[in-house]
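Biologist: Please take me slowly through one part of this model, and then show me how its surroundings can be read in the same careful way. I am new to this, so please explain each term when it comes up.

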Amino acid sequence: MATKSVDSIEETFGRFPGHRRAHARGKTFRGIFTGSGAAAEWTKAAHFKRGEVAASIRFSHFSPDPTWADAMSPVKGMAVQLGGNGEEELNIVGVTSPVFFASTPETFVEILEVTRSVSKGRPNLHTLMALLKDFPESRAMLEAVKKFQAPAGFSAGLYHSIHAYYFVGEGKRQPIKYVWEPVDGVKGLSAMELASLPIGFYEVQIEDRLAVSPVRFRLLVILGEPDDPTDDPTKEWPSDRKTAVLGELTILKEDPAVDALLFDPTVVAAGIECSEDPVLRFRSPAYRASFERRSAEIGEQ
């Protein structure tokens, strides 16, 4: 299924050698994550203890096509790898939508195949949005996209993990979701402002912002309750769930070398477990298939 999904993305949107098969265009950085120690109540994960750990960050546009204008990819991504270089790794991957458009890998591939069958050439955002209306489980994401504003820049977005995880400790399993929250505050764009943006605006925005001072995000954890779904990324948890601040990410400098990393969201640290979510578990082999193709293409250049 993983290889089939990557094939379907290429067949639907085109093949762009050297790029990721999703979130093709982005910008990468290095920084530091400072844990608050607040997670000790639920997990022994070392990254959340008081202290600093190295961080690698990639911001991106969701489109598999790197030539799409910024406005055609209103959902943005933020992938963070804590640790690495011989240390235990923890990947926390988020997007600016609180939900996904498919609850299973099979539905994900079906949506891609339907999109390809009705499109003349490569599909655009409007085609995708129209098609998603025919899939009941995608309606939550469509409603979320209608309500939210595209962020005013990569540094101004609120990034949701979409998938649930478990903090594990002392015989307990606490369901959680992550949120990256900008310390400067969340800022959005109107539809008119978004439509007027030149391609590459978001990349320039974060470069300019970082030239002023480091960019900071708080890492929040949403604490799930027994009835909250942990196996369906199309369903959002109630807004009244308790939260805690796990620490703060400080983005210090751009580093193109980070783009070579694989930000697999199933890579978790001791004291953390992936949930039963089939889309989350499917992402690992799918990301690996995309990574291997991209690496081979770069090696041929």
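Modeller: Asp65 counts as buried because its relative accessibility is 5%, where buried means under 20% relative accessible area, exposed means over 50% and partly exposed lies in between, with a 1.4 Å probe and protein chains only. Before going on, please keep in mind that this is a predicted model, in which local features need pLDDT of at least 70 and side-chain atom pairs count only at pLDDT 80 or more, while totals for chains, interfaces and linings use all residues. Residues are numbered from 1 along each chain as its sequence is written, and side-chain values use heavy atoms, with hydrogens and water left out.

Asp65 belongs to the loop that runs between strand 2 (51-61) and strand 3 (76-84); strands (E, at least two residues) and helices (H or I, at least four) are DSSP runs, numbered from the N terminus. The side chain of Asp65 is joined to that of Thr67 by a polar contact of 2.6 Å, a term for N or O atoms within 3.5 Å, one able to donate a hydrogen and the other to accept it. The same kind of link can be found at Arg209, whose side chain makes a polar contact of 2.8 Å with that of Asp184. Arg209 sits in helix 6 (residues 201-212), and Arg209 counts as buried because its relative accessibility is 18%.

The next element to look at is helix 1, which covers residues 2-13. With 12 residues at 1.5 Å each, helix 1 should span 16 Å, and its end C-alpha atoms are 17 Å apart, so the two values agree; the expected span is 1.5 Å times one less than the number of residues. Among the buried residues of helix 1 are Ala2, Val6, Ile9, Glu10 and Phe13. Ser8 also lies in helix 1, and it counts as buried because its relative accessible area is 2%. The C-alpha atom of Ser8 is 6.7 Å from that of Glu113, although these two residues are 105 residues apart along the chain. Just after helix 1 comes Gly14, with a positive phi of about 105°.

Gly14 leads to a small piece of empty space, since it is one of the residues lining the second largest cavity, together with Ile9, Glu10, Arg15, Phe16, His19, Arg20, Arg21 and Pro64. A cavity is a set of points, on a 1 Å grid over the protein atoms alone, where a 1.4 Å probe fits but cannot get out, and lining residues have an atom within 4 Å of a point. A search of the whole structure finds two cavities of 30 Å³ or more, and the second largest holds about 50 Å³.

Positive phi values are also found in residues other than glycine. Ile162 has a phi near 65° and is placed in the loop between strand 5 (159-160) and strand 6 (165-169), where it counts as buried because its relative accessibility is 7%. Glu170, with a phi near 50°, is in the loop between strand 6 and strand 7 (172-182), and it is exposed because its relative accessible area is 83%.

Several other residues can be followed by asking what lies across from them in space. Lys172 is part of strand 7 and is exposed, with a relative accessible area of 62%; its C-alpha atom is separated by 7.6 Å from that of Trp42, a residue 130 residues apart from it along the chain. Ile32, in strand 1 (residues 26-35), is partly exposed at 25% relative accessible area, and 6.4 Å separates its C-alpha atom from that of Glu52. Gly188, in the loop between strand 7 and helix 5 (191-195), is partly exposed as well, at 33%.

Finally, the largest nonpolar core has 43 residues, of which Phe48, Phe59, Phe167, Tyr178, Trp180 and Leu249 touch the most other members. Its largest share, five residues, comes from strand 8 (residues 215-223). A second, separate core of 17 residues includes Ala2, Trp68, Phe108 and Val109. Such a core is a set of buried Ala, Val, Leu, Ile, Met, Phe, Trp, Tyr and Cys residues joined through side-chain atoms within 4.5 Å.

Methods. On a 1 Å grid over the protein atoms alone, a cavity is a set of points where a 1.4 Å probe fits but cannot get out, and a pocket is an open set with protein on both sides within 12 Å along at least five of seven lines; lining residues have an atom within 4 Å of a point. Grid points are joined across faces, edges and corners, and a volume is the space filled by probe spheres set on the points.
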